[in-house]
Amino acid sequence: MRLLVLVILLPVLATSRIIHGDIKSNEIKEDECNLPEALKQEIRSYETVANTIINSLVNGKYKGGTYKELAKFVDTFGARVSGTENLEDAIDYALDLMKDYELENVHGEEAQVPHWVRNHEIGELVSPRKASLPVLGLGSSVSTPEEGIEAEVIVVNTFDELRSENVSREVKGKIVVYNEEYVSYGETVQYRSQGASEASRLGAVASLIGSVTPFSMSTLHTGWQDYDDGVTPIPTACITKEDARLLQRYQDRGEKIVVKLNLSYTRFSDSTSRNSVGEIEGNTDPKKVVLVSGHLDSWDVGVGAMDDGGGAFISWYALAVLKGLGLRAKRTLRAVLWTAEEPGLVGWAEYNRTHFEELSNFTFVMESDEGTFTPLGIEYAAGAEGGCIIQEIVNLLAPINATQAVASKGGVGSDISSWTSHLIPGASLLNANEKYFWFHHTQADRMEVLDPDDLDRATALWAVVSYIIADLTEDFPRTRDNAQSNIVNVVPA
């Protein structure tokens, strides 16, 4: 009898990127592993194959290929917003690319996705002085009335402060501004995802959130948010960290703050999009799958080169390199380029539903959605034995100095996080991404953030790790906690 594990996702924004930048444990120590000698020798026997893959990307035929294909892609399509014709054209292009590189079983799988568009946005500081107040609406925000909203501002640093007796009774009829401290993305993003709902409960007419970033050059960072059931939707947008602090200083000096907002957005009916799939079919056990992935959609600011063009392109291009080198593993290698990740893992949710019965055959899942900067190794959610296997594999990446294996204290990936948290072992790309949230969801997410050599090395890591796991004699082990579970049903909230 199959044991079903039912997982209810957190509110959609919190889940979308909750794992980015969160706490990781230390690397594996050699004396903590006790793998069978035969397994260690089998992994080490792939050294020549690993070097062939690495050399083909770092010095050989495929050098610069990931960057070249990604640059052409983002230069052609720019931003690829959920629900737009431009995203669908980009998906057609990606499917054709995978066919051109002779991946197998290339196809799209339909999913209904949301479509939200910003029309115009004007923010103005009226008092204590007149000045422009740059704003960038948050996904799914409602519009202000046509004439706009002019209201007094109240600034808070935390939800606890907002709910405190002295502050909560002053909120009604005002615009709440969050001047939250950046702790980590996973912790701080709650102000973006829940800020409007929390303010609305107390009668606020709008909310403004200091952009979720550890570093700002007057940069606006957007992102999706959803209104809680039972609250009145109010307009919500981000402002720069600098302006949030400015408003805080005014309030601290006892000065009255008045802001005018004129925000216009349209939420269209859901439309049909597609997850993009390409494979190298396994030569002895094709029903077993090792999945690599990233997402093709992006925000409407920047061009989504970093988030997540890089992750999507190292995924399919890793398979293209393996196919070009004539490397076919025992199990099927499958690249999935998710659609509509940004509005809350929508493409993944449909894929999870339609592939429900196949999940027991998913040996290992991988996703790159935290940047493709200099690769350092692998972050994994795979249990102790799985971590030791991954360490043995990444030891083969010494030529590109990417030998770290770091355990996550939760799941890994964004789209795959529910799988890796509860059943399927998986990994994400561990890379030197300290500046990732400098550019995240901003106009600055462009090709200039990325480096061709880093993309080559990241592709090599992705290809080596996925190929070896797909080709090992034994299936990658499930964690002990989930050993009795064959499938997982993840139901979005």
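L291 stands opposite V365 in strand β13. I start with that pair, and I should say at once that this is a predicted model.

L291 and its strand first. Strand β11 covers residues 285-295. Strand β13 covers residues 362-367, and the two strands run parallel, joined by 5 bridges.

What else does β11 pair with? The other partner I will show is strand β12, residues 331-338. That pairing is also in the parallel sense, over 8 bridges. For a specific position to look at, take V292 in β11: the bridge partner of V292 in β12 is A335. Between β11 and β12 the chain passes through helix α11, residues 305-324, and this β-α-β crossover is right-handed.

Is β11 mostly covered or mostly exposed? Mostly covered, with 8 of its 11 residues buried. In general, side chains in a regular strand alternate between the two faces of the sheet.

Now to helix α13, residues 383-394. The helix has 12 residues, and the distance from its first C-alpha to its last is 16 Å, close to the 16 Å expected at 1.5 Å a residue.

How many residues of α13 are buried? The count is 9 of 12, so to speak of the helix as mostly covered is fair. The buried set is G386, G387, C388, I389, I390, Q391, E392, I393 and V394.

Which elements cover those residues? Strand β13 comes back here: the cover includes β13, along with β14 (375-381), β15 (404-408), and the helices α2 (37-44) and α16 (452-471). That puts β13 in both parts of this talk, as a parallel partner of β11 and as part of the cover over α13.

Technical notes:
Residues numbered from 1 in each chain as written. Predicted model: local features only at pLDDT ≥ 70, side-chain atom pairs only at ≥ 80, totals over all residues. Heavy atoms only, no water. Buried < 20%, exposed > 50% of the residue type's maximum accessible area, 1.4 Å probe, protein only. Helix = DSSP H or I, 4+ residues; strand = E, 2+ residues; numbered from the N terminus. Pairing = 2+ DSSP bridges. Right-handed = clockwise from strand over helix to strand, strands pointing away. Expected span 1.5 Å × (residues − 1). Contact = heavy atoms within 4.5 Å.
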